[in-house]
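Here is a short briefing on one protein model. Please read it with the structure open.

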Amino acid sequence: MQVNIAESWKKILQQEFEKDYFKHLVDFVKSAYKNYTCYPKGSEIFAAFDYCSLEDLKAVIIGQDPYHGPNQANGLCFSVNDGVPHPPSLINIFKEISSDLDKEYPESGNLERWAKQGVLLLNATLTVKAHEAGSHQKKGWETFTDEVIHQISKEKKDVIFLLWGGFAKKKAKLIDKSKHHILTSGHPSPLSANRGYWFGNKHFSKTNEILKSLNKTIVEW
């Protein structure tokens, strides 16, 4: 597994790559990819960082695990490759965007277009074994991605963190609330959304309102 991410990220994460836990994590991932089918493909493990540089960062969305079905995961949380049917959580995200911003429901579930506009689409765990949700949790990824959030909080100002669901909300403790913006709601999964915890959160228009107030370009969701 190559830790091959943009220089801006390398600068603040280099120390992590040299820690023992990360070396063990790399060994685990290499072995898992060699012996089993795992997602996303190796070249896309760090896609979230490749598409969104630290300099351009405006917002962070935190997911939990990559999708574990064939051809779905592409290294960006909640995102699927072009032509892949939209999973339930992504359907609900797009429905909320449609009503919040009065936009048409998008055809493509590939969220590269968001990442290129400065939205870091970060899963807490960056790899998974096929058909086994959560199979690569507690191997070191969470330590690494928590440090990513901590470093963003430390190095940047006025980043908007979108924390959806109980798991993501726990990451608020890593963020300096005096210099960043935190939006929370229920998770877009059907279980949460159908109980009234997701729809109507207006996180997409709220993010753009904050960006406008900072004289930054809004995100074309």
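The points below cover the strands, the helices, the pocket and some backbone details.

The model is predicted. Strand β5 is largely enclosed by the rest of the structure, because 5 of its 5 residues are buried. Strand β2 is mostly covered as well, with 5 of its 5 residues buried. The largest pocket has a volume of about 340 Å³.

**Strands and their pairing**

- Strand β2 spans residues 59–63 and runs parallel to β5, with 3 bridges joining the two.
- Ala59 stands opposite Ile160 of β5.
- Val60 has Phe161 of β5 as its bridge partner.
- Strand β2 also pairs with β3 (residues 119–123), in the parallel sense and over 5 bridges.
- On that side, Gly63 has Asn123 of β3 as its bridge partner.
- Strand β5 pairs with β6 (residues 181–185) over 5 bridges, again in the parallel sense.
- Thr184 in β6 is the bridge partner of Leu163.

**Both faces of two strands**

- Which residues cover the two faces of β5? Ile160, Leu162 and Trp164 lie on one side, Phe161 and Leu163 on the other, and all are buried.
- Strand β2 is likewise covered on both faces. Its buried residues are Ala59, Ile61 and Gly63 on one side, with Val60 and Ile62 on the other.

**Helix α4 and its packing**

- Helix α4 covers residues 88–101, which makes 14 residues.
- From first C-alpha to last, α4 reaches 20 Å, close to the 20 Å expected at 1.5 Å a residue.
- The buried residues of α4 include the nonpolar Leu90, Ile93, Phe94 and Ile97.
- Ser89, Asn92, Glu96, Ser98 and Asp100 of α4 are buried too.
- What do the buried residues of α4 pack against? Their partners are α5 (112–115), β5 (160–164), α8 (190–193) and α9 (203–213).
- Just after α4, Asp102 takes a positive phi of about 55°.

**Helix α9: His203 and Ser205**

- His203 lies in helix α9. His203 has a relative accessible area of 2%, so it counts as buried.
- Beyond its neighbours within four places in sequence, His203 is in contact with Asp100, Leu162, Trp164, Leu183, Thr184 and Ser185.
- Among these contacts, Asp100 is a buried residue of α4, while Leu162 and Trp164 are on one side of β5.
- Ser205 is also in helix α9. Ser205 is buried because its relative accessibility is 14%, where the cut-off is under 20%.
- Ser205 touches Asp100 and Leu101, not counting residues up to four places away in sequence.
- Asp100 is thus in contact with His203 and with Ser205.

**Helix α6: Thr145**

- Thr145 is found in helix α6, residues 141–155.
- Is Thr145 buried or exposed? Thr145 is buried, with a relative accessible area of 2%.
- Leaving aside neighbours within four places in sequence, Thr145 is in contact with Leu122, Asn123, Ala124 and Leu126.
- One of these contacts, Asn123, is the β3 bridge partner of Gly63.
- Thr145 and Ala193 are 48 residues apart in sequence. In space, their C-alpha atoms are 26 Å apart.

**The largest pocket**

- The volume of the largest pocket is about 340 Å³. Of its 21 lining residues, the closest to its centre are Gln64, Asp65, Pro66, Tyr67 and Asn123.
- By class, the lining has 9 nonpolar, 10 polar and 2 charged residues.
- Asn123 therefore appears in two places: by the pocket centre and in contact with Thr145.

**Backbone details**

- Tyr39 and Pro40 are joined by a cis peptide bond, with omega about -10°. Pro40 lies in the loop between β1 (38–39) and α3 (47–51).
- Asp158 has a positive phi of about 60°, although it is not a glycine.
- Asp158 sits in the loop between α6 and β5. Its relative accessibility is 16%, so Asp158 counts as buried.
- Lys202 has a positive phi of about 55° and is not a glycine either.
- Lys202 is in the loop between α8 and α9. With a relative accessible area of 41%, Lys202 is partly exposed.

Methods
Residues numbered from 1 in each chain as written. Predicted model: local features only at pLDDT ≥ 70, side-chain atom pairs only at ≥ 80, totals over all residues. Heavy atoms only, no water. Helix = DSSP H or I, 4+ residues; strand = E, 2+ residues; numbered from the N terminus. Expected span 1.5 Å × (residues − 1). Buried < 20%, exposed > 50% of the residue type's maximum accessible area, 1.4 Å probe, protein only. Contact = heavy atoms within 4.5 Å. 1 Å grid on protein atoms, 1.4 Å probe; cavity = no way out; pocket = protein on both sides within 12 Å on 5 of 7 lines; lining within 4 Å. Points joined across faces, edges and corners; volume = space filled by probe spheres on them. Pairing = 2+ DSSP bridges.
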